[in-house]
Every structure is written in structure tokens, then in C-alpha cells.
Amino acid sequence: MIRTVTEVGRMTGGALSECIFCQIATSSTSTTLLHSDDKVVAFQDINPSAFRHYLVIPKQHIPTVKNLQRSSDDFSLVSHMLDVGKSLLDRDAPQSKHYRFGFHQPPFNSVDHLHLHCFALPYTPSWRFMKYLSLGPLGGFIEVEKLLERIKPPIIHPSSM
């Protein structure tokens with residue numbers, strides 16, 4: 001069976017066993033999970049850039065933010081990822097005054113599996129903030145709120161039906 005790039009990019013874990021995040025999502029590694037539900041898992045970043053630095057990933061393999069569509073499913077998934085990240089930081093770093101949430105965009109992403117960076121600041125060391133700068137039209141890091149605006153499904157008015 002021939003599959004399109006989109007179909008392959010949205011397959012679940014077992015089919016993409018070479019993806020480290022798919023392996024983590026299916027508990028095929030020793031990574032300690034901070035959260036797991038039917039849609040996402042969360043864990044500490046292996047090379048933290050902040051006081052607390054967690055990653056929230058979908059269990060479904062979605063390569064990058066470029067694979068997200070303006071749809072209620074994708075909007076709901078990213079919103080859920082954000083809710084999980086916020087609840088973990090609220091629990092583990094309540095004293096932090098600043099949180100930050102976002103995604104690297106290609107070609108600046110390190111793993112081709114969608115992952116939300118969740119930070120309780122400050123960055124450690126402080127120069128690490130440079131990895132998480134927006135580069136405008138070149139990509140770089142995109143804040144989760146900006147991505148949610150981009151993928152928010154269009155409102156369909158009853159009069160246009």
C-alpha cells in the first residue's frame with residue numbers, strides 16, 4: 001500500500017519505531033513520564049534550558065508544526081498539550097513568575113516529532129534563551145499562542161450553509 005507523506009507523518013508509534021519520541025510515547029524507553037493520557041505524554045527535556053524544562057508530545061506521530069492544519073482536531077490537540085504543560089509547571093514550579101511555551105519550526109527542530117517546550121524560567125544558563133528566539137519569516141521558535149491562532153479552525157456561520 002502506497003501512503004502519502006501526510007499519512008506516513010500521522011501514523012502512530014509502532015510504525016515509526018526509529019523515532020525516539022514515538023518510543024517514549026509507547027513506553028519503549030526508560031524515560032520517566034511526568035504525565036500520560038490517551039493523547040499525549042510529558043517528560044523532562046534531556047538537556048534542560050531552564051529551571052524547569054518539560055516536553056509534551058502527542059502519542060500520534062506528527063513530524064512538525066508544519067504538519068498541523070486549521071482544524072478542530074489539531075487545535076484541540078495543541079490546546080491539550082498546553083494545558084498539560086501548564087498544569088505540570090504549576091505543580092512543579094509554583095514559585096516561578098514566568099512560564100514560556102512553544103515549538104521549534106523546521107529547520108530548527110531537533111527531533112521530527114511535534115513537541116511543546118514548557119519552561120519555568122529563568123533560562124539556565126541565561127544565554128540559552130537564544131535557542132528559543134522567533135526568527136520571523138525564517139521560523140525559529142513559535143510561541144504556542146501564535147501557533148494556536150494559526151491553526152484555529154474557521155468559524156462557519158449558519159447563514160453560509
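**Exercise 1.** Find which residues Leu116 touches, not counting residues up to four places away in sequence.

*Solution.* Start with the cut-off: contact means heavy atoms within 4.5 Å. With that, Leu116 touches Tyr54, Leu55 and Val56. Next come Met81 and Leu82. Phe101, Gly102, Phe103 and Val144 complete the set.

A word on the input: this is a predicted model, where local features need pLDDT of at least 70, side-chain atom pairs count only at pLDDT 80 or more, and totals for chains, interfaces and linings use all residues. Residues are numbered from 1 along each chain as its sequence is written, and side-chain values use heavy atoms, with hydrogens and water left out.

**Exercise 2.** Work out which residues of the largest nonpolar core touch the most other members, and which elements give two or more residues to this core.

*Solution.* A nonpolar core is a set of buried Ala, Val, Leu, Ile, Met, Phe, Trp, Tyr and Cys residues joined through side-chain atoms within 4.5 Å; buried means under 20% relative accessible area, exposed over 50%, partly exposed in between (1.4 Å probe, protein chains only). The largest core has 26 residues, and Phe103 and Leu116 touch the most other members. Two or more residues come from each of E2, E3, H3, E4, E5 and H4. Helices (H or I, at least four residues) and strands (E, at least two) are DSSP runs, numbered from the N terminus. H3 gives the most to this core, 7 residues. Apart from it sits another core of 10 residues, including Cys22, Val41, Leu55 and Ile57.

**Exercise 3.** Put the strands of the open sheet in order and find those at the edges.

*Solution.* Two strands pair if DSSP finds at least two bridges between them. The 6 strands run E1-E2-E3-E5-E4-E6, with antiparallel pairing. E1 (33–36) and E6 (141–143) are at the edges with a single partner strand each, so one side of each has no neighbour in the sheet. On average, neighbouring strands are turned by 25° against each other, direction ignored. Axes here are lines fitted to C-alpha atoms, for helices over the stretch in contact, and angles run from 0 to 180 degrees between N-to-C directions.

**Exercise 4.** Explain why strand E3 (residues 50–58) is largely enclosed, then list its pairings.

*Solution.* Of its 9 residues, 7 are buried, so E3 is largely enclosed by the rest of the structure. E2 (residues 40–44) pairs with E3 in the antiparallel sense over 5 bridges, and a hairpin of 5 residues joins the two. Val40 has Pro58 as its bridge partner, while Val41 stands opposite Ile57. E5 (residues 116–123) pairs with E3 over 6 antiparallel bridges, with Leu55 opposite His117.
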